[in-house]
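I opened this entry to keep track of what I look up in one model. The notes follow the order in which I checked things.

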Amino acid sequence: MSDNGASHPTDPTTRASSSPDDTTIETVSFAKKAGDIPLSILDLAQVGGGQSVGEAINASVELAQAAEATGRFERIWFAEHHNMKHIASAATSVLLAHVAARTNTIRVGSGGVMLPNHSPLVIAEQFGTLAELHPGRIDLGLGRAPGTDQRTWQALRRDPHASDRFPQDVVELQGLLSDESPLAGIEAVPGQGTHVPLYILGSSMFGAKLAAALGLPYAFASHFAPDALQAAVYAYRTEFRPSEQLAEPHVIAALNVVAAETDDAAATMYEEVLRARVRSLATRFGAADRRLSDDEIEMLLDSPAGQQAKHMLTYTAIGGPERVGAYLEQFAEHAMADELMMTNAARGLEAQKRALEIVASVR
């Protein structure tokens, strides 16, 4: 992989603007020094090869503690996924309780809970309980996708039209967490009066416009769905309506980070990350009955699975401290973001903890 700076394939400045014109929102500048950009973490709670689920969860706890120790990261989020043997965050609220109980200051939240899989009342009770246990530290990010395949969604016993009710369910959930329930004779206990902050997650115009209409923060999943980033953020910022929770728009843009001691070491790590992503996609496309060899993975890099993997990693900071810092600055401005949320793509817990230290040291 090329390692010569400006031509980096994932440099955000190489992507054309998707906003209606080339100006920023009004006259606001989103340019900041890397050390001034609020940073957070999306932990995928991955179960590595030869690792048990319990070991993976313990690693997530250690990573959260390491992030907290740096004093640099605002929050750590976990996402709801089902029927994925390499991801340990299916019971998202249970995992959040475990992590929050073993940390002290960092915010802990969902990135996100897939609301169509649940009744708003159940989520209000779960996150209300978390908020009572850990006051001022719980976030509730909400997504509209099922977080799984259609057959698994059926096993969750959900209505196939539940996603269509997402806006109404968000409003109902927000009301259940407020001081006065929107449902006559029904209160979320725990939950009512906790005012757990809501975040709308998305990768398209739908989530952007909903977040703007409700006056909620918007988190864009550009770490794997890069295409609509600028257009969605532009729409959110221009259509935002202030609310009781939020007076001004707040954008969280996600990206992948592969940070190491040197640029060369990070480049090598990125190639490993890319191959692992290609292997995962190829397995999903029908090669699940055997483990693909390294030579087969190499051949697949130019296949549709390989091209999809590269595209999903469009927004990836790769390098040592200086290069990662420069990328964070460029990406924050490109995404018109108030906060960046990183997935830590380093392989192995020790490498991930060192990557957090490197990112935290960037000024």
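Entry 1, helix H6. The model is a predicted one. I began with helix H6, residues 205-214, and listed its buried residues: Gly207, Ala208, Leu210, Ala211, Ala212 and Leu214. Next I asked which elements these buried residues of H6 pack against. I found two helices and two strands, namely helix H5 (166-176), helix H7 (229-239), strand E5 (198-202) and strand E6 (218-220). I also looked just past the end of H6, where Gly215 has a positive phi of about 65 degrees.

Entry 2, salt bridges. I ran the count and got 13 salt bridges. I took three of them in turn.

The pair Glu329 and Lys33 has its closest N and O atoms 3.8 Å apart. I placed Glu329 in helix H11 (residues 321-334) and Lys33 in the segment before strand E1 (39-43), so this bridge ties together parts that are 296 residues apart in sequence. I noted Glu329 as partly exposed, because its relative accessible area is 23%, and the cut-off for buried is under 20%.

The second pair is Glu339 with Arg75, whose side chains form a salt bridge at 2.8 Å, N to O. Glu339 belongs to strand E9 (residues 339-344) and Arg75 to strand E2 (residues 73-78), so the pair links parts 264 residues apart in sequence. Are these two residues buried or exposed? I find both Glu339 and Arg75 buried.

The third is Arg323 with Asp263, where the closest N and O atoms are 3.9 Å apart. Arg323 sits in helix H11 and Asp263 in helix H8 (residues 263-284), so parts 60 residues apart in sequence are tied together by this pair. Asp263 has a relative accessible area of 24% and is recorded as partly exposed.

I then checked for shared partners. Arg75, Arg107, Asp139 and Glu339 are joined into one network by salt bridges that share partners.

Entry 3, helices H3 and H5. I looked up how helix H3 (residues 120-133) packs on H5. The angle is about 40 degrees and the axes are 9 Å apart. H3 and H5 are therefore oblique to each other, since angles under 35 degrees would count as roughly parallel. The crossing of H3 past H5 is right-handed. On the H3 side of the contact I listed Pro120, Leu121, Ile123 and Ala124, and on the H5 side Asp169, Glu172, Leu173 and Leu176. By class, the residues of this contact are six nonpolar, no polar and two charged.

I stayed with H5 and looked up its buried residues, which are Phe166, Asp169, Val170, Leu173, Gly175 and Leu176. What covers the buried residues of H5? I found H3, strand E4 (138-143), E5 and H6 included in the cover. As a reminder to myself, an α-helix has 3.6 residues a turn, so residues three or four places apart point the same way.

Entry 4, Leu246. I placed Leu246 in the loop between H7 and strand E7 (251-259). Leu246 counts as buried because its relative accessibility is 15%. Leaving out residues up to four places away in sequence, I found Leu246 touching Gly215, Leu216, Pro217, Tyr236 and Phe240. One of these, Gly215, is the residue I had already noted just after H6. I also took the C-alpha separation of Leu246 and Pro197, which is 9.3 Å for residues 49 apart along the chain.

Entry 5, Gly320. Where does Gly320 lie? I found Gly320 in the loop between strand E8 (316-319) and H11. Gly320 is buried, with a relative accessible area of 4%. With residues up to four places away in sequence left out, Gly320 touches Ala260, Glu261, Thr262 and Asp263. Asp263 is also the salt-bridge partner of Arg323. The C-alpha atoms of Gly320 and Ala266 are 6.7 Å apart, and these residues are 54 apart along the chain.

Entry 6, whole chain. I closed with the totals. The protein chain contains 12 helices and nine strands. I recorded 52% of its 363 residues as buried. For contacts between residues at least 6 apart in sequence, 74% join residues at least 24 apart.

Definitions and conventions
Residues numbered from 1 in each chain as written. Predicted model: local features only at pLDDT ≥ 70, side-chain atom pairs only at ≥ 80, totals over all residues. Heavy atoms only, no water. Buried < 20%, exposed > 50% of the residue type's maximum accessible area, 1.4 Å probe, protein only. Contact = heavy atoms within 4.5 Å. Salt bridge = Lys/Arg side-chain N within 4 Å of Asp/Glu carboxyl O. Axes fitted to C-alpha atoms, helices over the stretch in contact; angles between N-to-C directions. Parallel < 35°, antiparallel > 145°, perpendicular 65-115°, else oblique. Left-handed = near helix turned anticlockwise from the far one by under 90°. Nonpolar A, V, L, I, M, F, W, Y, C, P; charged D, E, K, R; others polar.
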